[in-house]
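Here are some exercises to work through with the model open beside you. Try each task on your own before you read its solution.

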Amino acid sequence: MDILTKLMNYYSQNAAYVWAEIYRHFLMSAYGVLFAAIIGIPIGILIAKYSRLSPWVMSLVNVIQTIPALAMLAVLMLVMGLGTNTLVLSLFLYSLLPIVKNTYTGITEVDRTLLEAGHAMGMTRMQVLKMVELPLSLSVIMAGLRTALVIAIGIATIGTFIGAGGLGDIIVRGTNISNGTAIILAGAIPTALMAVLADFLMGWLERALSPANHKHLR
Amino acid sequence: MKTLMKPLLLCMMTVLMLSGCALPGLSGSSENTVKIGTVTTSETQTIGYIQKYMIEHYTDLNAEVITNLGSSVVMNKANINGDIDISAVRYTGTDISGALGLDLIKDPKEALEIVQREFKKQFNQKWYDSYGFANTYAVAVRGEEAKSKNLNKISDLKPYAPKYKFGVDNSWINREGVGYEPFTKTFGFKFDSVFPMQIGLVYTALANKKMDAVLAYSTDARLKLYNLKLLDDDKHFFPPYDASPVIGYDLLKKHPELDKVLQKLVGKIDSDTVLDLNYQADVESKEPSTIAKEFVEKHNYFENE
């Protein structure tokens, strides 16, 4: 009860600051995922087409995923210095695995008979990709983006250690002062809510884009 | 529709890629933004924000506070690399042994002279005169225990130390010249066990009797909150840690107005003031930015000085 009142007190005292950090936190996560989507989706399509590349690319993105977040930030910091860009780059790297993997899976899972039907109709490879493969795999790709965004929101909290700001700032301040539980919660609750909300919205988008629902959309 | 989407997407992509240096919404253009670095302590953060508001009040520049840098060594590197432009608070003792790698100086005046001279020579940075407070390391014990065992100075701990658990700052334990090893040599006793932890945790650990003695910062408001007693440093083991801001001369040349702003704060924050600021941050759980705003407004941005 005491913590709850303290928490409310904190929010009312520092509302502007908390909103600014929430906005910043979300933006950093979204940028990381956006860049990963720009790079990752074409890579996923590419390795689905040239399957000999896939083990190499897959093991590479897998290896990236195994690097502990703090170590990754420390290494990147040596090269890029402090600040948000370093965090966005590491979020980009962490987002690659779910996005590349889901794109690859989505494209390869498309029913071969449909591809053949497309070819038989005289479609070029680009047309098959655009009109058959991508629409059918869209929901799987969206699932990858969803995973990536949720992971990114979580990892972005440690960006505070390289001066990137975000909700991690609030959490770390809570650990630095005595009786900081309320402040830790003040940072942790928005982070958790943001992850849940992002998961929910992306999940809704994913269902909306799934081939089964296509008719409703049009 | 489809023909329009493709060039649009391509445009968006390239714009985003090109703006890699400053992602929209995350930071202003670096030309007019002064970056102020602070470590994790509330006092450096509060003073960092005070500088931010002062700079934004007196100049056309924007200021951004980068908090939670790992240590003063990290802050020094960041300042040299240009990741930050101003170090909000630096302590003489820390940088004499850390950044400069010199032997410890016990005299506060001499220490200040050395950092001012050496930082100009080695890093081309200006080290200002002190804000008016020092944040030294000090050994603290529980108030009632100090009374019952008659503990007043560090040497008084000698008979009790073999049974004491000693909680210390992560960055202190291995620090050359003032770390735990030299400590044991100077005072001639060792504690039962030493627990390195984040500095914010030592006060609660001591108050909750998880620790029996801790190495605390002398300006921390929680000493008062928990009724902890600072022991006198009877062997003058801990060097002076007077607090000052540090800025690069290159930036001062480009924006000479910054010098006036920083100079305004010299001697304006004494130990009572900093204790009060720390109390608001650490005990009343206010955000440093809020405290700083109230502070500069209360003093009218030091307009009359």
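**Exercise 1. Find how many residues of chain A and of chain B are in contact, and describe the side that chain A contributes.**

Solution. This is a predicted model, and the two chains do meet in it: 27 residues of chain A are in contact with 29 residues of chain B.

Step 1: look for the elements of chain A that give two or more residues to this side. They are α1 (2-13), α2 (15-49), α5 (84-108), α8 (167-176) and α9 (181-209) of chain A.

Step 2: pick out the main contributor. With six residues, α2(A) gives the most.

Step 3: sort the residues by class. The side of chain A that touches chain B holds 13 nonpolar, eleven polar and three charged residues.

**Exercise 2. Take the UniProt annotations of both chains and ask what helix and strand content the model has over residues 26-47 and 182-205 of chain A, and over residues 33-298 of chain B.**

Solution. Step 1: start with chain A. The unreviewed UniProt entry lists residues 26-47, 67-94, 134-162 and 182-205 under "transmembrane region".

Step 2: check two of these spans. Residues 26-47 of chain A are 100% helix and 0% strand, with end C-alpha atoms 30 Å apart. For residues 182-205 of chain A, the figures are 100% helix, 0% strand and 34 Å between the end C-alpha atoms.

Step 3: turn to chain B. Its unreviewed UniProt entry places "domain: ABC-type glycine betaine transport system substrate-binding" on residues 33-298. Over that stretch chain B is 43% helix and 20% strand, and the end C-alpha atoms lie 25 Å apart.

**Exercise 3. Divide chain B into its domains and work out which helix gives the most to the side of domain 1 that touches domain 2.**

Solution. Step 1: set the bounds. Domain 1 of chain B takes in 31-134 + 241-302, and domain 2 of chain B is 137-230.

Step 2: place the two parts relative to each other. Their C-alpha centres are 27 Å apart, and the contact draws 13 residues from domain 1 of chain B and ten residues from domain 2 of chain B.

Step 3: name the helix. Helix α12 (residues 271-282) of chain B gives the most to the domain 1 side, with six residues. By class, that side of domain 1 of chain B has six nonpolar, four polar and three charged residues.

**Exercise 4. Trace the five-stranded open sheet of chain B: what is its strand order, and which strands are at the edges?**

Solution. Step 1: write down the order, which is β7-β6-β8-β5-β9 (chain B), with mixed pairing. The edges are β7 (193-197) and β9 (228-230) of chain B, each pairing on one side only. On average, neighbouring strands are turned by 35° against each other, direction ignored.

Step 2: go through the pairs. β6 (residues 165-169) of chain B and β7(B) run parallel over five bridges, and Gly167(B) has Phe195(B) as its bridge partner in β7(B). β6(B) also pairs with β8(B) in the parallel sense, over two bridges. β5(B) and β8(B) run antiparallel and are joined by four bridges.

Step 3: find a residue that links these pairs. Val214(B) in β8(B) stands opposite Gly167(B) and also opposite Ala140(B).

Step 4: ask about burial. All of Ala213(B), Leu215(B) and Tyr217(B), which point one way from β8(B), and Val214(B) and Ala216(B), which point the other way, are buried. Five of the five residues of β8(B) are buried, so this strand is largely enclosed by the rest of the structure.

**Exercise 5. Is His236(B) buried or exposed, and what is unusual about its backbone?**

Solution. Step 1: recall the background. Most residues other than glycine have a negative phi.

Step 2: compare. His236(B) is not a glycine, yet its phi is positive, about 50°. Tyr301(B), also not a glycine, has a positive phi of about 55°.

Step 3: locate both. His236(B) sits in the loop between β9 and β10 (243-248) of chain B, while Tyr301(B) is in the segment after α13 (288-298) of chain B.

Step 4: count neighbours. With 12 or fewer other C-beta atoms within 10 Å, a residue counts as exposed. His236(B) has 11, so His236(B) is exposed. Tyr301(B) has 18 other C-beta atoms within 10 Å and is partly exposed.

Conventions. Residues numbered from 1 in each chain as written. Chains lettered and ligands numbered in written order. Predicted model: local features only at pLDDT ≥ 70, side-chain atom pairs only at ≥ 80, totals over all residues. UniProt positions renumbered as here; feature names shortened; annotations may be inferred. Pairing = 2+ DSSP bridges. Axes fitted to C-alpha atoms, helices over the stretch in contact; angles between N-to-C directions. Domains from an automatic or database assignment. Contact = placed C-beta atoms within 7 Å. Nonpolar A, V, L, I, M, F, W, Y, C, P; charged D, E, K, R; others polar. Buried ≥ 20, exposed ≤ 12 C-beta atoms within 10 Å, placed from the backbone.
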